[in-house]
Amino acid sequence: MTAREYNFDGLVGPSHNYGGLSFGNIASEVNEGSSSNPRQAALQGLSKMRTLHTLGVPQAVFPPHMRPELSLARRMGFDGDDAKVLGDLAREFPMLLAACYSASAMWTANAATVSPSADSADGRVHFTPANLQNKLHRSIEHPTTRRILQAIFRDEDRFVVHEALPSTAALGDEGAANHTRLAPEYGARGVQLFVYGESITRPKDGRPKLYPARQTMESCMVLARLHKLRPEQVVLAQQAPEVIDQGVFHNDVISVGNRDTFFFHEKAFAQGRAVVEALAERYHAITGEVLKRIEVPEAAVKVPDAVSTYLFNSQLVTLPDGRTALIAPTECEQNDAVRSYVASLVEGDAPIDEVHYFDLRQSMQGGGGPACLRLRVVLTEAEAQAITPGVRFDDALDAKLTAWVEKRYRDRLSPADLADPQLMLESQVALDELTTLLGLGSIYEFQL
Ligand code: SUG
């Protein structure tokens, strides 16, 4: 069956800001309280979508969540009208105000784990919104994420949108950022790699000392079962605790795969090379083909450089002529070691044929690179026909979204602005218009 991979990119919302909310994510910590530019952030994201669309890679849009999510504060005893809640939060609990206003839903690699129909025993595409329970500001995302997924993937004969796993540390789930699917063709049976930071039932396997491990082995096992994957198509691997402690808070900060190619850092996994060997064996057993591996040695790119440049948070995409492109952040181009390493891959016989660098600075400052900004969904032609059409990215939608961002988004936001009730109203007006632009119906809960 022929199938293609769609990138659903998170559209940056009108109150994009830097709350310093993600302990363990170095960019988030460093940029706490800096001013942001929501308009530029959204336009940078649209520019990446436009280029991928122009390159012939299927592209779609995932809408932002409404912020602030004041129900979070109301559950903690902040009452009165919205303006009073905002004022009280700013005075008494600025961190909770920032959590209510978090921009983090833009990183749609954490929206859900997705398994294509070719791998699932019931022949449907499975989605499980990630519970993101490790961070307060992200734990509020999954109900809206689920509504959005249901609005896009409505056809229950083809798609199933599960509930998020129970929000508890034992089942910490961060979505597609810790999940890689490998297959010779998108529509063929493949192998799904699930990566976790710690196991609750096997604590002796080790865990990071400084930063949290956000995903557990147990959640990976549950996801594989929920998605009706055949056990022989599933590989579980532990990320090295040492790299989590160096700022690798998701596996897509230290590895990325596409189709028959796996690009990873030598320090990525707790069991080292044995993990990738086991993955390649399984890949061969399922597909009859050889997994192409690009192992990046520490001598070429040090882990801190991988973290600061987000080399592995690049997208690996297949172009219409079958060639592979690396979609990398400009931070990689600005780092001598990383730039020359990438050039050696493209010029040599590695299975990466070209590189495109993107300025995504507004997103990078919150710790999200090109790959964080997109949720990959493999769809057959019939499945692609069944999605809500308004989210497909084309020249007409591009023009509408660009004009909408230019009209509705501020170009500067500082932490003090979050207490301004006007910002909330502006955001509601903007998102109300967006649901019409995307033809999604009522995905938000506010009333204008
Ligand atoms: O969960 N940052 C996100 C970044 C997510 C990146 N995604 C992937 N690697 N796929 C996080 O740490 C920062 C929010 C703030 O500080 O305002 C934040 O949530």
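This briefing walks through some sheets, helices, rings and backbone details of the structure above. Keep in mind that the model is predicted. Two open sheets of 3 strands come up below: one has the order β12-β13-β14, and the other has the order β2-β1-β15. After the sheets come a pair of helices, a group of aromatic rings and a few residues with less common backbone angles.

**The sheet β12-β13-β14**

- As a little background, strands of a sheet pair through backbone hydrogen bonds, and the pairing can be parallel or antiparallel.
- In the open sheet β12-β13-β14, the pairing is mixed.
- Its edge strands are β12 (315–318) and β14 (354–358), and each of them pairs on one side only.
- Ignoring direction, neighbouring strands here are turned by 25 degrees against each other on average.
- Strand β13 (residues 324–329) pairs with β14 in the parallel sense, over 5 bridges.
- To find this pairing on screen, look for A325, which stands opposite E354 in β14.
- Helix α2 (residues 38–55) lies across β12, β13 and β14, and it runs at about 155 degrees to β14.
- Helix α13 (residues 336–347) lies across β13 and β14, running at about 150 degrees to β14.

**A residue to look up in helix α2**

- Q44 is found in helix α2, and with a relative accessible area of 10% it is buried.
- Which residues does Q44 contact, leaving aside its neighbours within four places in sequence? They are D359, L360, R361 and Q362.
- Q44 and L434 are 390 residues apart along the chain, and their C-alpha atoms are separated by 18 Å.

**The sheet β2-β1-β15**

- This open sheet also has mixed pairing, with its 3 strands in the order β2-β1-β15.
- Strands β2 and β15 (374–380) stand at the edges with a single partner strand each, so one side of each has no neighbour in the sheet.
- The average turn between neighbouring strands of this sheet is 30 degrees, direction ignored.
- Strand β1 (residues 3–10) and β15 run antiparallel and are joined by 7 bridges.
- One place to look is Y6, whose bridge partner in β15 is V377.

**Helices α16 and α17**

- Two packed helices are described by the angle between their axes and by the distance between the axes.
- The axes of helix α16 (residues 395–408) and helix α17 (residues 421–438) come within 11 Å and cross at roughly 175 degrees.
- Why is α16 called roughly antiparallel to α17? Angles over 145 degrees count as roughly antiparallel, so the crossing angle of roughly 175 degrees puts this pair in that class.
- On the α16 side, the contact is made by L397, K400, L401, W404 and R408.
- On the α17 side, the contact residues are V429, A430, L431, E433, L434, L437 and L438.
- Sorted by class, this contact has 9 nonpolar, no polar and 3 charged residues.

**Helix α8 and its neighbours**

- In helix α8 (residues 217–226), the buried residues are M217, E218, S219, C220, L223 and A224.
- These buried residues of α8 pack against β3 (112–115), β4, β7 (191–196) and β8 (234–238).
- Just after α8 comes K228, which takes a positive phi of about 55 degrees.

**Aromatic rings**

- A search of the whole structure finds 10 aromatic pairs.
- One of them is F153 with F159, an edge-to-face pair with 5.1 Å from centre to centre and 70 degrees between the planes.
- Are these two rings' residues buried or exposed? F153 is buried at 3% relative accessible area, and F159 is buried at 2%.
- Ring pairs link F8, F127, F153 and F159 into a cluster.

**Backbone details worth a look**

- Most residues other than glycine have a negative phi, and most peptide bonds are trans.
- The peptide bond from R67 to P68 is cis, with omega near 10 degrees, and P68 lies in the loop between β2 (59–62) and α3 (71–74).
- L132 is not a glycine, yet it has a positive phi of about 50 degrees.
- You can find L132 in the loop between β4 (125–129) and α6 (136–139), where it is buried with a relative accessible area of 2%.
- R259, another residue other than glycine, has a positive phi near 50 degrees.
- R259 sits in the loop between β9 (255–258) and β10 (261–265).
- Why does R259 count as buried? Buried means under 20% relative accessible area, and R259 has 19%, so it falls in that class.

Terms used:
Residues are numbered from 1 along each chain as its sequence is written. This is a predicted model: local features need pLDDT of at least 70, side-chain atom pairs count only at pLDDT 80 or more; totals for chains, interfaces and linings use all residues. Side-chain values use heavy atoms; hydrogens and water are left out. Axes are lines fitted to C-alpha atoms, for helices over the stretch in contact, and angles run from 0 to 180 degrees between N-to-C directions. Helices (H or I, at least four residues) and strands (E, at least two) are DSSP runs, numbered from the N terminus. Angles under 35 degrees count as roughly parallel, over 145 as roughly antiparallel, 65 to 115 as roughly perpendicular and the rest as oblique. Contact means heavy atoms within 4.5 Å. Ala, Val, Leu, Ile, Met, Phe, Trp, Tyr, Cys and Pro count as nonpolar, Asp, Glu, Lys and Arg as charged, and the others, Gly among them, as polar. Buried means under 20% relative accessible area, exposed over 50%, partly exposed in between (1.4 Å probe, protein chains only). Two strands pair if DSSP finds at least two bridges between them. Rings of Phe, Tyr and Trp (its six-membered ring) pair if their centres lie within 6.5 Å; planes under 30 degrees apart count as stacked, over 60 as edge-to-face and the rest as tilted.
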